[in-house]
Amino acid sequence: MFGQISTDIPGRLDRLPWARWHWMVLLGLGTVWILDGIEVTIVGVIGPRITEPGSGLGLTESQVGIAAGIYIAGACAGALLFAHLTDRFGRTRIFLATLALYLAATLATAFSHHAWDFYLCRFFTGMGIGGEYTAVNSAIDELIPSRVRGRVDLAVNGSFWLGTVLGALIAIPVLNMSMLPTDLGWRLLFGLGALFGSVILLVRRLAPPPESPRWLLIHGRVREAEETIDHIEATVREQAGRRLDPPRARIRITPRRYTPLTEVAATLMRRYPRRTAVGLLLFVGQAFLYNSIFFTYALVLSTFFTVLDDDTPWYLIPIAIGNFLGPVLLGRFFDSVGRRPMIAGTYGTSGVLLLGTAALFQADLLSPETLTACWMAVFFFASAGASAAYLTVSEIFPMETRPVVISFFYAIGTGLGGIVGPVLFGHLVESHSVGNVVVGYLIGAVLMIAAGLVQWFMGVEAARRSLEDVAEPLGAEGPRTV
């Protein structure tokens, strides 16, 4: 059993000035979102290609949607599994395992010859990415100073879209049938995805991120936590070239070996039911919007606008750029204006713009170029809101529950919106009915607007506040002292 301890480690982390050390943490951890962006883009742009008879797979449009849903199911399973392991064994031990699983499964996808083995590989690829979401989001939020946590977290999650740009640019020559055969180009894309993952794995091995002092502390490894924060402070002090301000607060907690799932459930359902409702709606809305529309956009272009398969990546690049610019340009306002108004505003605005896009699509007033421009506007706001959803569920619950809570919201929210969405849209596109696709757009718009309204009325303001202030640790003893 552990005794009660008094510590200022959270305050010491929050008052650190920004330094090169923080950039190295983001480089080693945050870059995994680029991999996820590459994966999503690859599946999106190869959709029309792997439905062709000579592709070596010959899937139908609905089977492409099923494959996307299976990838999301794997991500949900991976998030839940690795969240438990992250809580028990720490953040750093899980990083290499999840990335290795991603690499192996992505490479195996390139050698798929049937729908079943393609599905299986996509499932395990998703497991690796889902595990990364849990461990990386936990570690980054616990290491980044509270005053800039919002903009940093949004930028990290927004880097997903750099991966989509990269994936689309690579896909343009690789999917060109005048350069590579139909059954080879899409396989090469998955091989290149594994190659990029290997580079990130190398970065983590050469410059491994530190274990979270907060995790060490809560698990009773007080000496290791003190040694880790001492090393971090010495590094930052040297890089910043100035003395560090004294920490502003201490907290008294009782460490624990692990947090039972029953206690996590009680925290969600009894202690913070309103926060739980907000987190679920934020995740369901953004997951349905993104996984349904983006996974099947290439099919929409080829089905309703007769865009050639080789040209579809060009239409994904501007959408990805809009998605990346949203979190980067709006991120600072999530720290200055606040989480509640900014998340509500970005969700609501994207939903209203999606309603307008659906009306124009129904009226046959859009071309491939103008439809792409509409998606740029929708996703500029939706991307900032969606990135903030990950930040929100990481902030508003006690640190003992953080990895499991992130995995719960990702699995439930993404499972409901991210699995149903692609499968539903695959069938809607396969029907060749504009009206059916518009119904799918309307569902996405209603979900985003509803999530924005719930955030406005029930959301928690966490901007520039310590994680322990937003949600008191389960093992906290007595009031915080200044």
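This tour moves through a predicted model, from its enclosed cavities to its open pockets, two of its helices, its cysteines and one buried threonine.

**The largest cavity**

Begin inside the protein, where there are 3 cavities of 30 Å³ or more. The largest cavity has a volume of about 330 Å³, and a good way to find it is to select Asp36, Tyr133, Phe160, Gln286 and Tyr390, which lie nearest its centre among the 22 residues that line it. Next, colour the helices that contribute at least two lining residues each, namely H3 (32-46), H4 (61-89), H6 (115-143), H8 (160-174), H13 (273-304), H17 (368-395) and H18 (402-430). Of these, H13 deserves a separate selection, since the largest share of the lining, 6 residues, comes from H13. If you then colour the lining of the largest cavity by residue class, you should find 15 nonpolar, 6 polar and 1 charged residues.

**The second largest cavity**

Now select Asp87, Arg91, Glu142, Arg214, Trp215, Ile218, His219, Met399, Glu400 and Pro403, which line the second largest cavity, a space of about 50 Å³. Helix H10 (residues 213-218) gives the most to this lining, with 3 residues. By class, the lining of the second largest cavity holds 4 nonpolar, 1 polar and 5 charged residues.

**The largest pocket**

Turn from the cavities to the pockets, and start with the largest pocket, whose volume is about 320 Å³. It is lined by 16 residues, and the ones to select are Gly11, Asp14, Arg15, Ser146 and Arg248, which are the closest to its centre. Helix H1 (residues 9-14) gives the most to the lining of the largest pocket, with 3 residues. Colouring by class shows 4 nonpolar, 3 polar and 9 charged residues in the lining of the largest pocket.

**The second largest pocket and Ser159**

The second largest pocket has a volume of about 260 Å³, and of its 13 lining residues the closest to its centre are Trp23, Leu26, Ala155, Val156 and Ser159. Helices H2 (20-29) and H7 (149-158) each supply at least two residues of this lining, and H7 gives the most, with 4 residues. The classes in the lining of the second largest pocket are 9 nonpolar, 3 polar and 1 charged.

Stay here and centre the view on Ser159, which lies in the loop between H7 and H8. Is Ser159 buried or exposed? Although Ser159 is among the residues closest to the centre of an open pocket, Ser159 counts as buried at 10% relative accessibility. Leaving aside residues up to four places away in sequence, Ser159 touches Gly30, Trp33, Ile34 and Phe324. For a sense of scale, draw a line from the C-alpha atom of Ser159 to that of Ile406, which is 247 residues apart along the chain, and the separation is 19 Å.

**Two helices of 25 residues**

Select helix H9 (residues 182-206), which has 25 residues and reaches 38 Å from its first C-alpha to its last, close to the 36 Å expected. Within H9, the buried residues are Thr182, Gly185, Trp186, Arg187, Leu189, Phe190, Gly193, Ala194, Gly197, Ile200 and Arg204. Then select helix H19 (residues 434-458), which has 25 residues and reaches 36 Å, close to the 36 Å expected. Residues buried in H19 include Val437, Tyr441, Gly444, Ala445, Met448, Ala451 and Gln455. When you look down either helix, keep in mind that an α-helix has 3.6 residues a turn, so residues three or four places apart point the same way.

**Thr106**

From H9, step across to Thr106, which is found in helix H5 (residues 91-109). Thr106 is buried, with a relative accessible area of 0%. Among the residues that Thr106 touches, beyond those up to four places away in sequence, are Phe190, Gly193 and Ala194, together with Glu39 and Thr125; Phe190, Gly193 and Ala194 are buried residues of H9.

**The cysteines**

Finish with the cysteine sulfurs, where a search of the whole structure finds 0 disulfides. Cys76 is in no disulfide, and its nearest cysteine sulfur, that of Cys121, is 19 Å away. Why does the sulfur of Cys121 form no bond with the sulfur of Cys76? The distance of 19 Å between them is too far for a bond, because a disulfide needs the two sulfur atoms within 2.5 Å. Both side chains can be inspected in turn: Cys76 is buried, with a relative accessible area of 7%, and Cys121 also counts as buried, at 12%.

Conventions: Residues numbered from 1 in each chain as written. Predicted model: local features only at pLDDT ≥ 70, side-chain atom pairs only at ≥ 80, totals over all residues. Heavy atoms only, no water. 1 Å grid on protein atoms, 1.4 Å probe; cavity = no way out; pocket = protein on both sides within 12 Å on 5 of 7 lines; lining within 4 Å. Points joined across faces, edges and corners; volume = space filled by probe spheres on them. Nonpolar A, V, L, I, M, F, W, Y, C, P; charged D, E, K, R; others polar. Expected span 1.5 Å × (residues − 1). Buried < 20%, exposed > 50% of the residue type's maximum accessible area, 1.4 Å probe, protein only. Contact = heavy atoms within 4.5 Å.
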